[in-house]
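This report goes through a structure shown below, taking up in turn some loop residues, the nonpolar core, the aromatic pairs, the chain interface and the salt bridges.

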There are 2 protein chains.
Amino acid sequence: GLTLAVTKEQIAGETRVAATPDTVKKWTAAGLTVKVQTGAGLGASITDEAYTAAGATIAKTVKDTLKDADIVLKVRGPAKDEIAALKAGAIVIAMLDAYREKETLNALASAGASAYAMEFVPRITRAQVMDVLSSQANLAGYRAVIEAANAYGKAFPMMMTAAGTVAPAKAFIMGVGVAGLQAIATARRLGAVVTATDVRPATKEQVESLGAKFLAVEDDEFKNAQTAGGYAKEMSAEYKAKQAALTSSHIAKQDIVITTALIPGRAAPILVTKEQVASMKPGSVLIDLAAPQGGNVEGCVADQIVDVNGVKIIGLSNITASIATDASALYAKNLQAFVGLLISKDGALAPDTEDEILKAALVTHGGAIVHPNLKDA
Amino acid sequence: GLTLAVTKEQIAGETRVAATPDTVKKWTAAGLTVKVQTGAGLGASITDEAYTAAGATIAKTVKDTLKDADIVLKVRGPAKDEIAALKAGAIVIAMLDAYREKETLNALASAGASAYAMEFVPRITRAQVMDVLSSQANLAGYRAVIEAANAYGKAFPMMMTAAGTVAPAKAFIMGVGVAGLQAIATARRLGAVVTATDVRPATKEQVESLGAKFLAVEDDEFKNAQTAGGYAKEMSAEYKAKQAALTSSHIAKQDIVITTALIPGRAAPILVTKEQVASMKPGSVLIDLAAPQGGNVEGCVADQIVDVNGVKIIGLSNITASIATDASALYAKNLQAFVGLLISKDGALAPDTEDEILKAALVTHGGAIVHPNLKDA
């Protein structure tokens with residue numbers, strides 16, 4: 001039968017793991033042999049014993065774990081020693097960050113691995129259950145609010161006390177994708193007064209359905225763009241100027257700003273300028289989820305708290321690692337569904353090479369980089 | 001006119017401050033001279049400029065700040081250099097932690113200061129606005145949940161995602177005073193399934209009014225005790241054994257436990273034994289608000305995260321310092337009301353020595369320790 005292997009993540013601060021006892025159980029039931037490197041789950045509060053109880057074998061080293069492995073599951077791209085330990089033709093599935101991690105891609109190609117980049121899974125209905133960007137972004141949005149509440153020297157909810165009323169925090173969410181929506185929902189739960197904005201006017205309805213207020217200059221141009229729906233349409237220079245002025249005066253009044261604008265394969269757009277940061281009150285907190293791609297907030301430094309006259313800019317390069325247990329559980333389920341495309345019901349390797357999901361995610365195969373977006377880069 | 005002074009707190013990690021621009025404004029309007037030591041408000045995100053704008057004078061050193069001061073406001077008991085700089089007969093108002101900080105009390109007495117311990121203000125209706133224990137405990141309860149959410153590797157709310165459902169966190173609040181009630185409310189806001197317990201059966205109703213479940217063996221003995229109301233009544237050994245068994249099996253299933261049982265002037269009671277800690281799942285989090293008095297959780301070490309097989313015990317000796325802006329705002333309002341008992345409308349010193357609030361809080365006067373609870377200790 002097939003052997004599936006899970007190693008301990010090697011990137012500093014990466015606490016997630018690519019399998020849980022729950023997914024291991026499913027695979028062993030399907031007849032696969034599952035090997036897990038010792039300690040792989042500890043960052044996500046999963047012990048070796050829990051994996052063993054689910055039917056996995058614990059291996060000590062990377063080499064031991066990957067020996068004879070047909071399918072290797074990772075959170076992040078494999079390290080050099082992992083690639084060196086792969087057997088010929090092994091399948092590697094991970095969030096490879098393929099646009100940026102060229103060296104890893106080349107090494108995987110040279111090793112003859114068939115590597116799938118989970119971030120390339122297309123956003124079609126059938127693939128929702130494998131959508132790692134959504135599953136992780138959802139938790140990132142929740143976690144961004146917890147980080148903000150933790151760094152903020154006041155309470156989020158309004159509190160009526162004998163000594164006076166504590167005003168609710170004002171939170172502004174910039175970018176209303178999956179992360180932004182969960183940030184809105186969480187900030188609302190905690191009692192903040194929440195506003196949000198996005199370049200896609202169609203998100204106004206989603207924001208309002210969560211009980212938050214959408215921030216936009218709502219002129220005719222906006223309304224037309226809104227009706228057009230879907231993705232962002234280029235607005236006029238005049239509109240952009242009006243919107244920028246509105247945003248600036250709004251940011252100056254906020255206690256919490258959370259930015260979530262990440263564009264795959266591109267530098268993050270600046271959403272908050274240093275002048276806007278300077279306009280905020282001491283004690284205000286900005287959480288920048290785009291830190292790994294340069295940040296949405298001017299002055300943001302990944303994994304540092306930058307203090308600008310008492311305003312904190314917090315750029316988190318891997319916020320989901322702070323919620324590793326849930327992030328691992330959902331990621332592992334995403335992988336479980338994806339692996340289901342590669343194996344037959346009786347546990348044999350049987351990838352449908354014409355499946356559009358597999359085709360979209362396959363980045364290296366037969367000794368070469370095969371993904372069209374990556375070949376000439 | 002009178003001079004009122006506020007120095008920068010000297011105890012490590014004490015970020016709060018005893019006055020805000022808001023309270024300063026009230027005092028200067030009443031004709032008082034207010035002096036604030038430079039940087040006193042920074043931990044609470046209050047700049048020197050904000051105090052100046054409210055009418056205060058910024059002084060550089062402790063000595064400069066306290067020179068000629070009639071009333072000195074502090075969060076915690078004054079340091080030696082502060083006591084040395086007091087003018088004869090100065091009034092000092094602070095949370096003196098009078099049962100434990102004997103050395104400070106003696107020094108205040110020797111210096112001839114009239115010192116008031118804010119934690120001794122009686123819990124009568126008229127004094128609610130001066131009740132520092134309540135104002136700080138309320139924020140401590142909120143903050144305990146934020147700390148728990150921050151340390152916990154999962155989300156608090158239930159989340160329905162394409163990759164599966166994330167179960168809500170189970171949170172158990174032990175001790176239902178002001179802090180416990182706010183912890184219940186906050187954990188509920190964040191979406192946890194919340195239970196709570198207290199030795200006072202009368203708190204059941206309060207817990208349920210916040211949408212949480214009260215954990216108790218609800219036999220006849222409990223029901224009788226509940227009707228009796230008010231403070232804890234000694235329950236039978238048999239009842240206690242049944243309740244202990246119920247609590248143990250409950251704790252083993254919890255993700256989050258927050259303990260809040262602080263008894264003024266006494267060591268904190270153990271609410272969670274080391275066996276109970278060992279019964280919890282890896283990844284669970286205990287927040288112990290009684291850490292400054294030894295802790296409610298066996299194995300708790302103040303200001304450390306103790307890891308017991310993946311279960312985190314977090315003992316916070318000064319949790320309100322993490323929410324310093326609001327904590328300072330409410331504390332400053334408490335002090336403003338208290339100072340109102342000491343001065344007349346035209347800003348002259350006029351304490352009503354027969355006022356039961358002043359009598360209860362006065363600990364040193366005329367060169368001696370005068371509080372009945374402290375004299376023979």
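## Loops, core, interface and charged pairs

In this predicted model, A:Ser45 is placed in the loop of chain A that runs between strand S2 (33-37) and helix H2 (48-53). The residue has a positive phi of about 60° although it is not a glycine, and A:Ser45 is partly exposed, with a relative accessibility of 26%. A:Asp97 also has a positive phi without being a glycine, here of about 50°, and A:Asp97 sits in the loop between strand S5 (91-95) and helix H5 (102-110) of chain A. With 29% relative accessibility, A:Asp97 counts as partly exposed.

Turning to the interior, the largest nonpolar core has 95 residues, among which A:Tyr142, A:Phe156, A:Ile287, B:Tyr142, B:Phe156 and B:Ile287 touch the most other members. Helix H6 (residues 132-151) of chain A gives the largest share of this core, namely ten residues. As a general background, nonpolar side chains in soluble globular proteins tend to be buried together. When residues up to four places away in sequence are not counted, the contacts of B:Phe156 include A:Tyr142 of the other chain as well as B:Val145, B:Pro168, B:Leu190 and B:Ile256.

The aromatic pairs number eight over all chains. One of them joins A:Tyr152 and A:Phe156, whose ring centres are 6.1 Å apart and whose planes stand at 80°, so the pair is edge-to-face. Both partners are buried, A:Tyr152 at 4% relative accessibility and A:Phe156 at 1%.

B:Thr195 belongs to strand S10 (residues 193-197) of chain B and is buried, its relative accessible area being 10%. Apart from neighbours within four places in sequence, B:Thr195 is in contact with B:Ala171, B:Phe172, B:Ile173, B:Lys213, B:His250 and B:Gln254.

Between the chains, 40 residues of chain B are in contact with 40 residues of chain A, and the area buried between them is about 3,200 Å², of which carbon and sulfur atoms give 60%. The interface has zero salt bridges, whereas 14 residue pairs across it are in polar contact, with both residues at pLDDT 80 or more. On the side of chain B that touches chain A, at least two residues each come from helix H6 (132-151), strand S7 (159-161), strand S8 (164-166), helix H7 (178-189) and helix H12 (324-339) of chain B. The largest share of that side, eight residues, is supplied by H6(B).

How many salt bridges does the structure hold over all chains? The count is 37, and some of them are set out here.

| Salt bridge | N to O distance |
|---|---|
| A:Glu82 and A:Lys74 | 3.0 Å |
| B:Lys204 and B:Glu218 | 3.5 Å |
| A:Lys274 and A:Glu275 | 4.0 Å |

In the pair of B:Lys204 and B:Glu218, distant parts of the chain are linked, since B:Lys204 lies in helix H8 (residues 203-209) of chain B and B:Glu218 in the loop between strand S11 (213-214) and helix H9 (220-228), 14 residues apart. B:Lys204 is buried at 14% relative accessibility, while B:Glu218 is partly exposed at 32%. Salt bridges with shared partners also join A:Glu9, A:Lys74 and A:Glu82 into one network. Within that network, A:Glu82 is buried at 2% relative accessibility and A:Lys74 is buried at 1%. By contrast, A:Lys274 is exposed at 51%, and A:Glu275 is exposed at 53%.

Technical notes:
Residues numbered from 1 in each chain as written. Chains lettered and ligands numbered in written order. Predicted model: local features only at pLDDT ≥ 70, side-chain atom pairs only at ≥ 80, totals over all residues. Heavy atoms only, no water. Helix = DSSP H or I, 4+ residues; strand = E, 2+ residues; numbered from the N terminus. Buried < 20%, exposed > 50% of the residue type's maximum accessible area, 1.4 Å probe, protein only. Core = buried A, V, L, I, M, F, W, Y, C linked by side-chain atoms within 4.5 Å. Contact = heavy atoms within 4.5 Å. Phe/Tyr/Trp six-rings, centres within 6.5 Å; stacked < 30°, edge-to-face > 60°. Buried area = accessible area lost by both parts, 1.4 Å probe. Salt bridge = Lys/Arg side-chain N within 4 Å of Asp/Glu carboxyl O. Polar contact = N/O pair within 3.5 Å; in protein donor to acceptor, adjacent residues only side chain to side chain.
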